[in-house]
Structures are given as C-alpha cells and as structure tokens.
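Got the viewer open? Let's walk through a few stops, selecting as we go.

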Protein chains: 2
Amino acid sequence: MKHRLLILLSVLGATTLCAQENDSVVIRRIVEFALTRSSCYEILRGLTECCPHRLSGSDGADRAVNYMRDVMLQMGFDSVWLQPCYVPYWVRGEKEQCTLFYNGRQEALAVMALGNSAGTGSLGLEAPVIEVKNFRHLDSLGKKHINGKIVFYNYPFQDAFINQFQAYADAVAYRWAGASRAARYGAVAVLVRSMTSARDNHPHTGSMAYNDSFPRIPALALSTLAADRLSDVLRRHPQARLYIRNTSRMMADSVLSYNVIGELRGTVYPDRFILVGGHLDAWDAGHGAHDDGAGCVQTIEVLNTFKKLNLRPRHTLRVVLFMNEENGLRGALTYAAEARRKNEIHVFALESDAGGFVPRGFRIGGDSILIDKIFSWKKLFEPYYVHVWNRGGSGGADIAPLRGHCPVLAGFLPDSQRYFNHHHADTDTFDQVNKRELELGAGVITALVYLVDKYF
Amino acid sequence: MKHRLLILLSVLGATTLCAQENDSVVIRRIVEFALTRSSCYEILRGLTECCPHRLSGSDGADRAVNYMRDVMLQMGFDSVWLQPCYVPYWVRGEKEQCTLFYNGRQEALAVMALGNSAGTGSLGLEAPVIEVKNFRHLDSLGKKHINGKIVFYNYPFQDAFINQFQAYADAVAYRWAGASRAARYGAVAVLVRSMTSARDNHPHTGSMAYNDSFPRIPALALSTLAADRLSDVLRRHPQARLYIRNTSRMMADSVLSYNVIGELRGTVYPDRFILVGGHLDAWDAGHGAHDDGAGCVQTIEVLNTFKKLNLRPRHTLRVVLFMNEENGLRGALTYAAEARRKNEIHVFALESDAGGFVPRGFRIGGDSILIDKIFSWKKLFEPYYVHVWNRGGSGGADIAPLRGHCPVLAGFLPDSQRYFNHHHADTDTFDQVNKRELELGAGVITALVYLVDKYF
C-alpha cells in the first residue's frame, strides 16, 4: 500500500513537473510576444498624444473613452462596450499663483491646486503663513496660532522607506485631510509639500476632501524645492506673507462618462470572468503616462496576447478601463454594483496601477487556498525577475469594491523607486516610460492570467 | 549524547538566528544611510560635470583622476594614492560623416566611429554597400561580393532576451571583430548596427580590435534608425553608395595614467584586502554616468559608509577606480600584476559596472564554499528587493585578472532593462541616473561587503 502510494505520489509529482514545464514554454512565448510584438507602447503613445489631459468629466476624458474603445475594436475583441457612470467634474481654472513676500522682497513659488480644492476667488488671498510639521504640531498650535493664517504642511516624504508606496501612505493624509484639519482652527488656506522624494520644481497634485463641519478653504501643493525655500525664508522671516490665487472649482457632481470594457469569450466557462484593468482618467498636470495609461495598455495587451497567440481562454477575459479613480472612484463603484446586480461570477481580478516600471511581483488578497495555488507558480516567474509575492490587500482602488464578490484580488507590483517622481506631476509623460519595462509588465501579467485561467 | 547534540545544534541555530537579526539591523542602518545621507549622487553629478569625456589618455581622464582622488581625500580615507599605468590614447577626431546616395538623392545617416578604429583619411571614402545579416552570411558572400565594398552588419539586438546583457553578448562580436572579418574579403570599411533595443538616432560606440593579418579598415556604428533606413533603401536600391569620413586615430600606445585607490585600514587583518571598484574611464560619446561613473561613486560610498557609520572593518577595505576598462584594460592588468608581485592577500573583490539602476542581485564566482557562505545571507537582502544570486563568472572586466589570486569575484547586478539605451551613447548622462536607484545600489553593495568583512 505504502509502495503504491509512493508510486502515485511520484506520478502526481511528475505530472506537476511536466505541467510546469509546459507552462514555462507557454509563458516564455507570452513574454517574448510582449517584448517583440506587443502594441502596448504604441497605444500608450497614442493615448498620451490624443488625450494627455483626461480628468473625469473633461473633453479629454471623453476622447480617451473613444480612443480606447476604438483600440479594442481594432484588436478584434469579442465584445467591446461602454458602461455608463456619473462622475464629478472638477476644473483647475487659470494657472495658480503663489507669491512670497518677506523683507520688502517677493518671490514666486511653484504651486498647483489639489484636486477637488475650492478656489480663492479671482482676487486671490493674502495672509501670514505658519509652517506645521505634522498634525500633532497643528493641534498643539491650535486656534490661537492658526486663525487667519495659511497653514504650510511641510511633512517630508520619508526617503528611508524602501518601497516608495509606504512613504506615500505615510504622507498622504496631509494632502487628503489637511485642509479641513486646519480650517477647524481658522486657517484660510493650506499648502502641502508635494509627495515625492525628488527635489525639483514640479508640484504634485492629487485628491483632497473636505469635512463639511468646517469651511472649504483652498488647498494647494508646493513643489519640494518651493517648500524648502518657504521653510528657509520662514525661519529667518516669520512675518513673511503669502499671496495665493487659484480659480479651481467643482463644476458638477454628476456628469455622464464611461468605463471602457472589452472581452474575449471563454470557451469552457463563458459566464465566469477573469478581470484585468487600470484606470483611464488621469490628473490634468501631466499626461497620465505612468498613472495609469501604463496599466490600461498593459491590461488591454493581456487580451490582445491571448488573441494573437491563439490561447483560447477557458473563462471570459474582461478588461475594464475604469473612469474616475483619481477623484471619486465612481467608475469602480458602478462596475462593482452592476457586477453584483447581474450576479456575474468573477473568479479573479487584477489591477495594474503602480506605473509602467520593471516588474517585481504581485500582491494578492482574498481566499487563502486560491492564493496558495497562485503562490505555487512562483518558480515559473523567476526567469522574468519576478520574485515578490505579497499576500493581502485588495489589488487596487478600482477592484477593491469587488471584495466579497470576487475571491481573489491582485495588484501588479512594478518597481516603485521612480514612480513618485512623476505621480500626479507634469513630468508624468510618455518619454518617462521605458518600452521594455512596460512590455515586460504586460508579459508577466498575461502569464499570471494564463495560469489562473488554466488552473482556476 | 543525542540529546546534547540536539541542544548544541539548537544553540548554534539560535546563535545564527540572533546573528542574522543583528546583521539585519546593521544592514538596515547601512541602506538607510545610503538613501538619506550618502553623497554618491552628488559626487556623480560633480564627476560628470567636471570631466564628462574621460577616455583613457585624454585631458578629461586626467581631470577625473584628480577629481576622484580629491573626493577620497575629503572623505578622510586612511590612505589615498594613484597607481601608475600606461594606457592607449585613441581620439575620435572630427565629427564623423555618413552620407547615403541613391536614385539621385542623398541622405545623412547618424554614425559614430568605433573605439580604436582607423580613419578614412581626411577625404573620406565612397563605395557601394552590402548588407550582411551575420558572419555566416558574410562568409557565404565571400570576396566576390564583398571586395571594394562597405560591409553593413545589420545584426539586431535580440529583444527576446530578458536580461539585456545576454543580447549584448549575442551581438557584440560584430562590433569587436567585424572589421577584420570583412577586410579579409576586401571590404573597405564596415558599419555596425548599434547594440541597443532602443529605436532612436543615437549611435553607440565601443571597442573594436584588428586582426593584423588584414588591412585596418574604418569601423563605425550606425544608430538603429539609421540602420533601419539604410536597410530599407538598399532593399529598393541595391546600387546605393555611401560616403563615410572619420578622422579617428590611435595617437599613442602608452600614455601615463592612473588607477585611483583609497583604503580604510583593517582593525584585525590590515594586510588582507576586500576590494570594491568600477572603472573611471568612459567613452567620449556621453558622460559616462551609468558606464561607469555609477560604479565608481557607489564603491567609494562603500568606504564612506563604513567611515560615517563608524563600522570599523576587520579587513582593509580598498576601493579601486580602474583606468582604461573601455579600450585596453591596462589599469586592471597593472593592478592585478602589482597585487601578485606584492603578494597582497585579496579575500574578496566586487565590481559595479552594469549601470546605476535599481539593484537586482549579485553574480559571484570562485571558491564554492565561500560562495555558499555568501548565499546563506540571501534572506537578509530580501527587504531591499535583492533576489538574484547567480553563481559563476569573474565579477567584471577589471577584477577578472585577479582570478586565481582572489578566491571570490563578485559583480553587482542592477536591473538591465534600460542600460543599453545609454551604453556608449551620447545619452549616457547624469539626468538618466535616478538618485534612489543609484543609492540603493550603493547600500546593498555596502551591506554585502559588511557581511564579507565580518564573516570571512
């Protein structure tokens, strides 16, 4: 009996090994396709040229919807459609101004309104400014020192974190919640140090939100060099004053827009979905090349690769380009609500929204047995320098609303070192994306989807 | 007895675990220092500004020697000195020309002489051109079709290799040996497709050598776009002719130059050396930022980090900035000969000469027991996304001559995807180096040296 069990185990082992050998051959073909024949780099060039500014509700976002739908149609996906969703429409208005007055002198500082920020009115506002290290410092200063002033949050992006997303998570509360926290003490506006390790003159925008218990004061980002300069001047001239002007405003809360969706029909389980995607909207500062044009073109390329290599998927593969990730998540919420309403069975969802940099791995949350299964494939990815397999999380902002509906939510992890040099800044442009890095990402995402489709 | 053995083993295990915990704390300090307080990025800025062109024998190379010696002196190393070596001195001469004539038209093609190439003479030369796919193709054409012509090697850099150094190894013979292989059949000059995946108009130079059985014909690199264009025109107009002109020449075979060397004296084994280094010379096309300014500043930073963190090394740490890696290796040969002559005991040598990109790992050759010891430290490097530990090789061109004298030769492996976009081209400039990627490299190299110093 023991003997037969051993034989059985060794046969099973051999089968597994053989399957892995087979899989490694197919994965090699997939990644070679990505590096030699994929179109994702040229599609990203087209997207960033056709619609560099595509914040939700804007004409650029409309153009992007049409552009990407046409790309999917030209690729010959089995079905391509637009899923309506209603998005906020915020506009930046005229170019922002920030002028520092001290000791009879004046200096312009590089600044950009945060997304969703109220404006100063067309006359702008002038006030003394107080530098604040962190929220604890703000609270200790209180109304007495804050009232009537512009609060300058100079919390640094922590260079000591190895993964730059941890530095972002550490700092982003000042951008997101800083305005209302300061308005509570009577601040008239806030300036936030940009969330980046780079020392340069490019401000980084990004979402903020108001707590409606307090006045909606303007909130702007300073470039890191401007923040250093302001801090330096304040140390020597605490009476320095700032003039700021921004005419940004929320135009409407509910403008019709769309998620763009394409599918390859499953040959065995046409009613079970494997979802891949990124978000199509982008901040108006740069061209949304890394955030998240890269994720869009990589996940379209997953379906394109299956089609071109004639890898007929067992499940239906669906790519979703979500609208409004940056300032509302309305596309993601609409998609998840519809998926639930229609009882669409999702077996796996993956988002690529961390830039088009060289692949490092995946972060996978959800059902632990399924995650273990995925982790058993690690070896197959080593030839592609994919070594990081983290457990947990919900894959990405756009697929997180599928939690509870989809058993596995995965996020693609490219290298993080350069991402925040470009994130939400005017340097997030096509020329900052390396063709091979982008393509390798598309390749390894497709390889993972191939295995999920085969073994789930 | 068995019981006591178990206790002993578990105590040893605990000691190992405890040591690894301790080591992980020190390594964390080392990498944090690299990311927050290291000076390697600013030193690289200074080097590339002070002496962007520093090919062996040039004034720029002399300036670089002085600059880096001064850096080491300012860092307060225990000793800093110049090791004389005699290097070849090749000059590019005037800007090269390459003009394509076909069908009554003419077009300029982007071109650059290969290092060590002879010139055409000041009048240049004009001849018909024949495209050759590879050496087999060349041999099949033979004298009948080659004689009197310019041979155009259009062998592509293979995009399907994941590691770009493999694509380089695959293609580089056309650059290195193509001239004499073609001269054998009567070719009057050769043009070589640049060794890069990038499709752009930047030619990539690099070393070539002559076989003195055949005439020394000029050898130049075409940009990839120029190569594509020439190939396209030749397909339609096989009678097309090329005019090329380069005035490059070897000025002298033996000019005095130097390796730049700095040391921190060992506290336990002052007469045993751990060597780290890169090469100080660089092609004249770009500024040698990645190749190999990055390796120079990273390995200087190893000693600087020990000093600033007061990690007193047991062995003597020696950084060597080798002269003439690019076109002669004379600095490396001199260093190895002197090390042998003086019977200097080298226990470990590491070279960083693959660009200042994000770290991936190390390639380590030599004594297998020592390599096993090093590989037992892998886990300590995972928090820094260092996962690749390859066995074999001789670390790098500059330390390879130490083989047989030094038991372990290691090469630092940064990510390879972007390297050949810049390698030996005018785009190898400081702005293409990312600060954090460079610093992380310095940090993980220092961490490895720390462990070697502690456990060897």
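Keep in mind that this is a predicted model. Start in chain B: select helix α2 (residues 40-50) and helix α12 (residues 435-455), whose axes come within 9 Å and cross at roughly 115 degrees. Angles of 65 to 115 degrees count as roughly perpendicular, so α2(B) is roughly perpendicular to α12(B).

Now show the side chains where these two helices touch. From α2(B), pick B:C40, B:Y41 and B:L44; from α12(B), pick B:K435, B:L438, B:E439 and B:A442. Colour the contact of α2(B) with α12(B) by class and you get five nonpolar, two charged and no polar residues.

Next, bring up both chains together. How many residues does each chain bring to the contact? Chain B gives 28 residues, and chain A gives 28 residues. Between them, chain B and chain A bury about 2,600 Å², with 55% of that on carbon and sulfur atoms. On the chain B side, select B:I162, B:Y385 and B:R436: these lose the most area to chain A, together 28% of what that side buries.

Stay at this interface for the charges. The count between chain B and chain A is two salt bridges. To see a salt bridge across the chains, select B:R418 and A:E437, where the side chains meet at 3.0 Å, N to O.

Now move over to chain A and select helix α4 (residues 135-146) with helix α5 (residues 164-183). Their axes lie 11 Å apart, and the helices pack at an angle of about 25 degrees. Angles under 35 degrees count as roughly parallel, so that label fits α4(A) and α5(A). Turn the view until one helix lies over the other: α4(A) passes α5(A) in a right-handed crossing.

Which residues meet here? On the α4(A) side, show A:F135, A:L138, A:D139 and A:I146; on the α5(A) side, show A:A173, A:Y174, A:G178, A:R181 and A:A182. By class, the contact of α4(A) with α5(A) has six nonpolar, one polar and two charged residues.

Zoom in on A:D139 and A:R181 for the last stop. Their side chains meet in a salt bridge at 3.7 Å, N to O. This pair links distant parts of the chain, with A:D139 in helix α4 of chain A and A:R181 in helix α5 of chain A, 42 residues apart. If you feel like hunting for others, a search of the whole structure finds 56 salt bridges over all chains.

Notes. Residues numbered from 1 in each chain as written. Chains lettered and ligands numbered in written order. Predicted model: local features only at pLDDT ≥ 70, side-chain atom pairs only at ≥ 80, totals over all residues. Heavy atoms only, no water. Axes fitted to C-alpha atoms, helices over the stretch in contact; angles between N-to-C directions. Helix = DSSP H or I, 4+ residues; strand = E, 2+ residues; numbered from the N terminus. Parallel < 35°, antiparallel > 145°, perpendicular 65-115°, else oblique. Left-handed = near helix turned anticlockwise from the far one by under 90°. Contact = heavy atoms within 4.5 Å. Nonpolar A, V, L, I, M, F, W, Y, C, P; charged D, E, K, R; others polar. Buried area = accessible area lost by both parts, 1.4 Å probe. Salt bridge = Lys/Arg side-chain N within 4 Å of Asp/Glu carboxyl O.
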